[in-house]
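These are my notebook entries on one structure, written in the order in which I looked things up. I wanted to know which charged side chains pair up, and what one short helix turns towards the inside.

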Amino acid sequence: MELKDLKEEHYLRLIKAISEIIVKKGPSHTSMDYVASTLNMSKRTLYELFGSKDDMIRHVLEYNTEKSKQEVDEIFRSSSNALEAMHKLTNYLAKIHETASVDFIRDMDVRCRHLRIDYESYQGEVVNQLKKVIHLGIMQGVFRKNIDLDLQIRVLLVQLESLKRMEDFFPPEITISQVFIVIGRGFLRNIVSSKGLEMLEQMEATDQ
């Protein structure tokens with residue numbers, strides 16, 4: 001059996017199940033044996049479908065990237081202003097990180113960089129989209145006009161690097177999702193106008 005022989009619904013169900021395993025354990029801690037046994041399928045079938053572990057991970061990354069693109073696009077389409085979009089985006093990304101392990105984040109950065117070409121390209125697209133949304137927010141009056149945007153985004157990315165070394169900086173009771181929320185909301189508070197700050201506080205109060 002090959003991937004092309006699978007119906008789309010069966011393919012998506014399989015990729016989603018594998019993705020949940022890899023995101024939880026990390027690629028280097030996920031063997032083909034473990035995936036096969038967890039999904040109650042033979043390792044031979046798994047190799048027939050994907051050929052290799054790297055191929056399987058590529059399919060998982062493609063699935064997650066496409067799914068994320070669709071959901072982020074929907075967030076921007078459904079938001080009434082740029083600040084609401086950024087607030088929703090922060091909460092959405094924090095929710096994604098609820099299921100991600102430190103092992104997954106570290107593996108993708110260190111052990112699996114050869115699989116990250118498309119993924120990193122997508123991250124670049126996200127940064128460019130982020131800049132466009134912030135410029136829109138400046139015109140809407142929810143973000144400050146005097147923002148050094150390149151500096152603020154660089155600081156944001158440096159802070160997010162801490163997620164790759166959670167065990168060095170944070171006690172085990174603090175989760176990746178919690179840290180992401182603090183970083184994301186701190187970023188928004190650095191760039192909002194007085195009007196935007198009032199709106200942001202109302203949004204945060206609704207979240208609680």
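**Entry 1: a pair in α4.** I began with E74, which forms a salt bridge with R77, and I noted that the closest N and O atoms are 3.0 Å apart. The model is a predicted one, so I keep in mind that side-chain atom pairs count only at pLDDT 80 or more. Both E74 and R77 lie in helix α4, three residues apart, which is about one turn of the helix. I then recalled the general rule that an α-helix has 3.6 residues a turn, so residues three or four places apart point the same way. Next I looked up how open each partner is: E74 is partly exposed because its relative accessible area is 40%, whereas R77, at 60% relative accessibility, counts as exposed.

**Entry 2: a pair in α3.** I found another pair within one helix, for E48 forms a salt bridge with R44, and here the closest N and O atoms are 3.3 Å apart. E48 and R44 both belong to helix α3 and are four residues apart, again about one turn of the helix. Is R44 buried or exposed? It has 65% relative accessibility, so R44 counts as exposed, while E48, at 34%, counts as partly exposed.

**Entry 3: the buried side of α3.** Staying with this helix, I asked which residues of α3 are buried. In α3, which spans residues 43–50, I found that L46, L49 and F50 are buried. Why do they lie on the same side of α3? They cover an arc of only 80° around the axis, and this puts them on the same side of the helix. I also looked up what covers these buried residues of α3, and the list includes α1 (8–25), α2 (32–38) and α4 (53–78). After α3 comes G51, whose phi is positive, near 85°.

**Entry 4: a pair between two helices.** I turned next to R185, which forms a salt bridge with D207, the closest N and O atoms being 2.9 Å apart. This pair links distant parts of the chain, since R185 is in helix α10 (residues 176–191) and D207 is in helix α11 (residues 194–207), 22 residues apart. Is R185 buried or exposed? R185 is buried, because its relative accessible area is 18% and the cut-off for buried is under 20%. Its partner D207 is partly exposed, with a relative accessible area of 38%. I also noted that R189, E201 and E204 are joined into one network by salt bridges that share partners. In total, the structure holds 11 salt bridges.

**Entry 5: L197.** Still in helix α11, I looked up L197, which is partly exposed, with a relative accessible area of 29%. Leaving out residues up to four places away in sequence, I found that L197 touches R189 and V192. For a sense of distance I compared it with A17: the two are 180 residues apart in sequence and 40 Å apart in space, taken from C-alpha to C-alpha.

**Entry 6: rings.** Last, I looked at the aromatic rings and asked how many aromatic pairs there are. The count comes to zero aromatic pairs. I did find a charge over a ring, however, as K25 lies over the face of Y34, at 4.6 Å from the ring centre.

How values were computed: Residues numbered from 1 in each chain as written. Predicted model: local features only at pLDDT ≥ 70, side-chain atom pairs only at ≥ 80, totals over all residues. Heavy atoms only, no water. Buried < 20%, exposed > 50% of the residue type's maximum accessible area, 1.4 Å probe, protein only. Arc of directions from axis to C-beta. Contact = heavy atoms within 4.5 Å. Salt bridge = Lys/Arg side-chain N within 4 Å of Asp/Glu carboxyl O. Phe/Tyr/Trp six-rings, centres within 6.5 Å; stacked < 30°, edge-to-face > 60°. Lys NZ or Arg CZ within 6 Å of the ring centre and 35° of its normal.
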